[in-house]
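Welcome! Here are some notes to read with the structure open beside you, one point at a time.

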Amino acid sequence: MLSAQKSPDSPCRVVWVVGAAGLLGARLAQLCRQAGAAVCGLDLGPAAEVQGWVQDAPTLRRALALHGEPEVVYLCAATRGGDAGAYRAAYAEPVEALREALPQARLVFCSSTSVYAVGAGALVTEESPVAAGSARQEVLLHAEAEVLSAGGVVARLVALYAASRCELLRRHLAGLPQLPGAPERMLNYVHVSDAAHALLALGQAPLSGVFNVCGESFSKAEAYALMEELSGIPAAPEVARVQRRGASDYCVSSQRLRRLCGWAPQVSFRDFVRRQLG
């Protein structure tokens, strides 16, 4: 186990954000600082305060030397694709290393609602069945189990969107084929700012277990009707082929997060599209 002494003038709350150079991690680190925490951002990119894999001992030592031992560690890493090996390096190995090196730290792990195995149109809660249908899902569920056995929090996120990343709107404005699936296919989204606020709340509350993080659910037909209404651009008649993320078709409930943390999304997809269109 690694350890470091806090200096007398150090803030009482130290937070690590793994994946701090990413879209979600950067926003979460900003919120933690605004809340008064001493934040250590770890990532592979040059924008991070500590660069390197968190599962590597030298990286851990540099992070400990910067701010001391954390009370909360947020794991917000993302692979943006890759095979099971990439998933293991981004998710499972960091969790295993942190459990061993920092057993007192509270882990908040960003997972995905892609682990659920439900039928079309189902309402998904934290009690819904999961299935390791692929090697990547197996890795996610293994990492989740490690976090839960340590008394941590698993946040299963739906698709994120932000000004710099909204595939649904980007494809529509470019006249590209619609997302795969029938018009009644259900889509689930959360704005990155709302997701970061949810993680902040989960890290601050004395909670453990699994929490879904979803801002809105709407059908594919509703999404394209909204974008047509606000942009004046008709939806493309073609439907895209199923890609890496597949074509999930269910409605994700975040009632547990809302009830226990008092969280509620502040950004609606309608307002987001309106702002993006100026």
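1. A word on naming helps before we start: helices of at least four residues and strands of at least two are DSSP runs, numbered from the N terminus. With that in hand, please find strand β9, which covers residues 186–191 and contains N188. Keep in mind throughout that this is a predicted model.

2. Is N188 buried or exposed? Its relative accessibility is 10%, and buried means under 20%, so N188 counts as buried. The side chain of N188 has polar company there: the backbone oxygen of Y250 is 2.6 Å away, and the backbone nitrogen of V252 is reached at 3.0 Å. Leaving aside residues up to four places away in sequence, the contacts of N188 include V158, A159, C214, E216 and S217, as well as C251.

3. Next, the sheet. In which order do the strands of the open seven-stranded sheet come? The order is β3-β2-β1-β4-β5-β7-β10, and the pairing is parallel. The edges are β3 (50–51) and β10 (209–213), each of which pairs on one side only.

4. Let's walk across that sheet from the β3 edge. Strand β2 (residues 38–43) pairs with β3 in the parallel sense over two bridges, and D43 has Q51 of β3 as its bridge partner. Further along, β1 (residues 14–18) and β4 run parallel and share four bridges, with V15 opposite V72 of β4. Four bridges also join β4 to β5, again in the parallel sense; here L75 faces F109 of β5.

5. The walk ends at the other edge. β5 and β7 run parallel and are joined by five bridges, with C110 standing opposite A155 in β7. From β7 to β10 there are five bridges, also parallel, and V153 stands opposite G209 of β10.

6. It is worth pausing on two of these strands. In general, the side chains of a regular strand alternate between the two faces of the sheet. In β4 (residues 72–75), V72 and Y74 lie on one side and V73 and L75 on the other, and all are buried, so both faces are covered. β7 shows a matching picture: V153, A155 and L157 are buried on one side, V154 and R156 on the other. Five of the five residues of β7 are buried, so this strand is largely enclosed by the rest of the structure.

7. What lies on the sheet? Helix α3 (residues 84–101) lies across β1, β4 and β5, and runs at about 170° to β5. Helix α6 (residues 192–204) also packs on the sheet, where it touches β4, β5, β7 (153–157) and β10; the angle between its direction and that of β5 is about 145°.

8. Now look at a loop. V115 sits between β5 (106–112) and β6 (122–124). With a relative accessibility of 0%, V115 counts as buried. V115 and G133 are 18 residues apart in sequence, yet their C-alpha atoms are 8.3 Å apart in space. Among the residues that V115 touches, beyond those up to four places away in sequence, are V130, A131, L140, L141 and R156.

9. Which residues have the most contacts inside the largest nonpolar core? They are W16 and Y74, in a core of 72 residues. The neighbours of W16, not counting those up to four places away in sequence, include C40, L42, L60, V72, Y74 and L98. Apart from this core lies another, of 17 residues, with Y161, L187, M227 and F269 among them. As a general point, nonpolar side chains in soluble globular proteins tend to be buried together.

10. Finally, helix α9 (residues 269–276). F269, F272 and V273 are buried in this helix. They span an arc of only 95° around the axis, which puts them on the same side of α9. What covers these buried residues? The cover includes β8 (159–161), α5 (167–173), β9, β11 (216–219) and α7 (220–231). Just after α9, have a look at G278, which takes a positive phi of about 75°.

Conventions:
Residues are numbered from 1 along each chain as its sequence is written. This is a predicted model: local features need pLDDT of at least 70, side-chain atom pairs count only at pLDDT 80 or more; totals for chains, interfaces and linings use all residues. Side-chain values use heavy atoms; hydrogens and water are left out. Buried means under 20% relative accessible area, exposed over 50%, partly exposed in between (1.4 Å probe, protein chains only). A polar contact is a pair of N or O atoms within 3.5 Å; within protein, one must be able to donate a hydrogen and the other to accept it, and residues adjacent in sequence count only if both atoms are side-chain atoms. Contact means heavy atoms within 4.5 Å. Two strands pair if DSSP finds at least two bridges between them. Axes are lines fitted to C-alpha atoms, for helices over the stretch in contact, and angles run from 0 to 180 degrees between N-to-C directions. The arc is that of the directions from the helix axis to the C-beta atoms. A nonpolar core is a set of buried Ala, Val, Leu, Ile, Met, Phe, Trp, Tyr and Cys residues joined through side-chain atoms within 4.5 Å.
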